[in-house]
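Work through the exercises below with the structure open beside you. Try each task before reading its solution.

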Amino acid sequence: MSIIFDKNTQCFHLSNSRISYIIRLAAGKYPLHLYWGRRVRTISEDMMVRRSPWTEDRFSLNETAMDYLPQECPTFGSDLRQGMIHVIHENGMHALILEYESHRVMEGKPQLAGLPSARGEGAESLLLTLRDKVSGVAVELCYTIYEDVDIIARSVRVINGGKTPIVLDRVLSACVDFERSDFNLITLSGAWTRERQLYTRPLVPGDQGTSSARGASSVQTSPFMALLSPNATETSGEVYGFALCYSGGFEASVHVDQHFLARAQIGIQPFNFSWTLEPGEGFQAPEAYLCYSANGLGGMSRNFHAHIQNHITTGKFAHSERPILINNWEATYFNFDEEKLLKLARVARRAGIDLFVLDDGWFGHRDDANSSLGDWFDDTRKLPGGLAGLSDKIHKLGMKFGLWIEPEMISVDSELYKAHPDWCIHVPGYPRLEYRDQLVLDLSRQEIRDYVVEVIVAALRRGNVDYVKWDMNRFINMWGSPALPASRQQEQPHRHILGVYDIMRRIIAQFPNVLFESCAGGGGRFDLGMMCYMPQAWCSDDTDAWMRCRIQHSTSLVFPPSTIGAHVSAVPNHQTGRTAPLSTRAAVAMAGTYGYELDLTKLPRKEIEEIRVLNKRLHEIQPILLYGTYYRLLSPYEGNEAAWISVTGDKREAVATHVYAQAFPNMRDKLLRLTGLNPDLTYRDTDSGRTYGGDELMYHGIPLKKPWGDYMSQQFHLIAID
Ligand code: GLA
């Protein structure tokens, strides 16, 4: 891995043994995007493709150049297309022309002030400083290349080096100009209980992409997109992935211009954003990850997975086994008392479950979703000994104790709201529309953040908790903060997210032994920003096994199984009314951080015994499932089957799972071809005792039983015997 500046060609070449990213300083000053893809030794000057059909002069900023040059950091002033940065000067006028000023190469990578960001083990970074000569505004572009993953991390900092204030109207984190546009675009869109569904379409001239203006990455969209070459598949072909390390509103877009060239950009959503910089002040934009794969979508995913596991997730649990949990939400909803919870916990313990999680409804007087958020005080009607009493009893059963919280919210029916009716995000005169019967605390304000940190830390200490489910159930429909002057109101969406990160950082730092899981009305904040604080996230409130095959399949485009919260729930399923066998519900949930979410006290003894056996098996195979190399084998978006496999780094062990949606009459026997094994090894299937060659399993396949009934699954645990 290296970053080299060649003075002769004026090129910065970032490379590892597999990929190259090349920037050229045209005319010694304009940073142009030359190349990103499979590793090359160099790009010769003649290969600098001339984009303009009109001009011989490729490097000067004349009127044609503005429309054609592939720029690293396009701005309005030097480019006619939508750029990365848009500045309004004190006189209200708009222009910015950036020229090279200096550069620096450093080991590792800088951490971003106030924002989550990846670590820089085994990485090198290029810091390229550009400046607008007229206004003095400087832009620092940071590029990091890693040895172990084919990811370029990019971020942007804008500094007002002038003498008068400026307003940033748009600051995206990355832009890549491609020499072509014959790509298919993949984005993830959905809804509550239908998160991150996979959508693919060819690029067309004009604008396309995905975005969120909801104040969070959201269940409707995801801060990710991928561009696939026309022949790219799951296993082959070139794929360019883009993901943003941010949990607020975002934009991921592609513009195809008049000459069918594509410009891909990702960053903070410009709608509802502006930021005033006084002279000397700087603005840091979030980090974006650019992933190149020559091995199809699967190659992209394995790079994102390794990046997340090696450089993003932190803390004691990032690389260790996760406890098997029972969560009382779908077992009791709000209708519980201590006795009911303990009864559930006792059965769970007998079934070999490690952790009892008390979900919503333990505080204030919350018997429904319409009260008490903000009042993080024990409801002694339900818990006579408070959290401390319950936690103590759970611990005495030999289980760990976990707790649900939703720190960012406030209910109108709460003591907190009575004391501080102005603490919610609101605009005077406009109705405070409740969404899931709640409002959002204005976390751009320090005193509100301090209150939240204090009461949440106290609750977690009181409950002596081992695990926390940090929920967030409301998106933001209007912005207004009395703490900001009129000219800075548009800063609130980003200031709020910085506030969310601030309280997370402060609370989590006090509990190094606690496992934190993020959640947002299901999987509404399943993003890389959250992953920097909490190593796992609740994937969806949809626990239906077949629907989960779909959601987890597309979530795995970016996220590894170790980050995907997945539970076995009751049948008929509470979201779809479907009935899948316990073995299938378990096999699907095992592709994530595993748990249960149903009333075990209602299950027959036989099923509790089945659960005990499943849990024992999971403890044996969980390291493979969570941290093995993950391959998608069959897509539930394409037919009646889903399949995936996780293989250990040394390829000596693997767990493969196959699910049939529906059974049809007169089905024939089938083979499932596996991936990622060593063809020269012989593997034993631990259940059947049969042995197979790795080559046989990969090139011929493993036999599948014909389904008898809908939603049947098979799981194979394979161990090399030679
Ligand atoms: C959200 C979560 C659920 C549950 C409820 C509690 O919807 O996604 O898992 O915790 O809140 O109100």
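The exercises that follow concern a predicted model, and they go from ring pairs to a barrel, a helix and an open sheet.

**Exercise 1. A ring pair**

Task: Classify the pair formed by the rings of Trp275 and Phe283 as stacked, edge-to-face or tilted.

Solution:
- Step 1. The pair belongs to a set of 26 aromatic pairs in the structure.
- Step 2. The ring centres of Trp275 and Phe283 are 5.0 Å apart, and the planes stand at 55 degrees.
- Step 3. Planes under 30 degrees apart count as stacked and those over 60 as edge-to-face. An angle of 55 degrees fits neither class, so the pair of Trp275 and Phe283 is tilted.
- Step 4. For burial, the cut-off is under 20% relative accessible area. Trp275 has 8% relative accessibility and therefore counts as buried. Phe283, at 2%, is buried as well.

**Exercise 2. Two tryptophans**

Task: Describe the pair of Trp362 and Trp376, and say where in the chain its two residues lie.

Solution:
- Step 1. The centres of the two rings, Trp362 and Trp376, are 5.9 Å apart and the planes are at 40 degrees, so this pair is tilted.
- Step 2. Both residues lie in the loop between β22 (355–358) and α5 (386–396), 14 residues apart, and the pair links distant parts of the chain.
- Step 3. Trp362 and Trp376 are both buried.

**Exercise 3. Charges over rings**

Task: Which ring does Lys382 lie over, and which ring does the charged end of Arg548 sit over?

Solution:
- Step 1. Lys382 lies over the face of Phe336, 4.9 Å from the ring centre.
- Step 2. Arg548 has its charged end over the ring of Trp538, at 4.8 Å from the centre.

**Exercise 4. The barrel**

Task: In what order do the eight strands of the barrel follow one another, and is the pairing parallel or antiparallel?

Solution:
- Step 1. The order is β21-β22-β23-β26-β27-β28-β29-β30, with parallel pairing.
- Step 2. On average, neighbouring strands of this sheet are turned by 30 degrees against each other, direction ignored.
- Step 3. As an example, take β27 (residues 515–518) and β28 (residues 536–538), which are joined by two bridges in the parallel sense. Here Glu517 stands opposite Gln536 of β28.

**Exercise 5. A helix**

Task: Check the length of helix α7 (residues 446–462), then say what covers its buried residues.

Solution:
- Step 1. Helix α7 has 17 residues, and at 1.5 Å a residue it should span 24 Å. The expected span uses one less than the number of residues.
- Step 2. The end C-alpha atoms of α7 are 24 Å apart, which agrees.
- Step 3. Among the buried residues of α7 are Ile448, Val452, Val455, Ile456 and Ala459.
- Step 4. An α-helix has 3.6 residues a turn, so residues three or four places apart point the same way.
- Step 5. The cover over the buried residues of α7 includes α5, β23 (400–405), β26 (467–470), α8 (492–509) and β27.
- Step 6. After α7 comes Asn464, which has a positive phi, near 45 degrees.

**Exercise 6. The open sheet**

Task: Which strands are at the edges of the six-stranded open sheet?

Solution:
- Step 1. The strand order is β31-β32-β33-β38-β35-β36, and the pairing is antiparallel.
- Step 2. β31 (629–634) and β36 (691–693) each pair on one side only, and these are the edge strands.
- Step 3. β31 pairs with β32 (residues 641–647) over five bridges in the antiparallel sense. Within this pairing, Tyr631 has Ile645 of β32 as its bridge partner.
- Step 4. Helix α11 (residues 582–589) lies across β32, β33 (653–660) and β38 (713–720), and runs at about 55 degrees to β38.

Conventions
Residues numbered from 1 in each chain as written. Predicted model: local features only at pLDDT ≥ 70, side-chain atom pairs only at ≥ 80, totals over all residues. Heavy atoms only, no water. Phe/Tyr/Trp six-rings, centres within 6.5 Å; stacked < 30°, edge-to-face > 60°. Buried < 20%, exposed > 50% of the residue type's maximum accessible area, 1.4 Å probe, protein only. Helix = DSSP H or I, 4+ residues; strand = E, 2+ residues; numbered from the N terminus. Lys NZ or Arg CZ within 6 Å of the ring centre and 35° of its normal. Pairing = 2+ DSSP bridges. Axes fitted to C-alpha atoms, helices over the stretch in contact; angles between N-to-C directions. Contact = heavy atoms within 4.5 Å.
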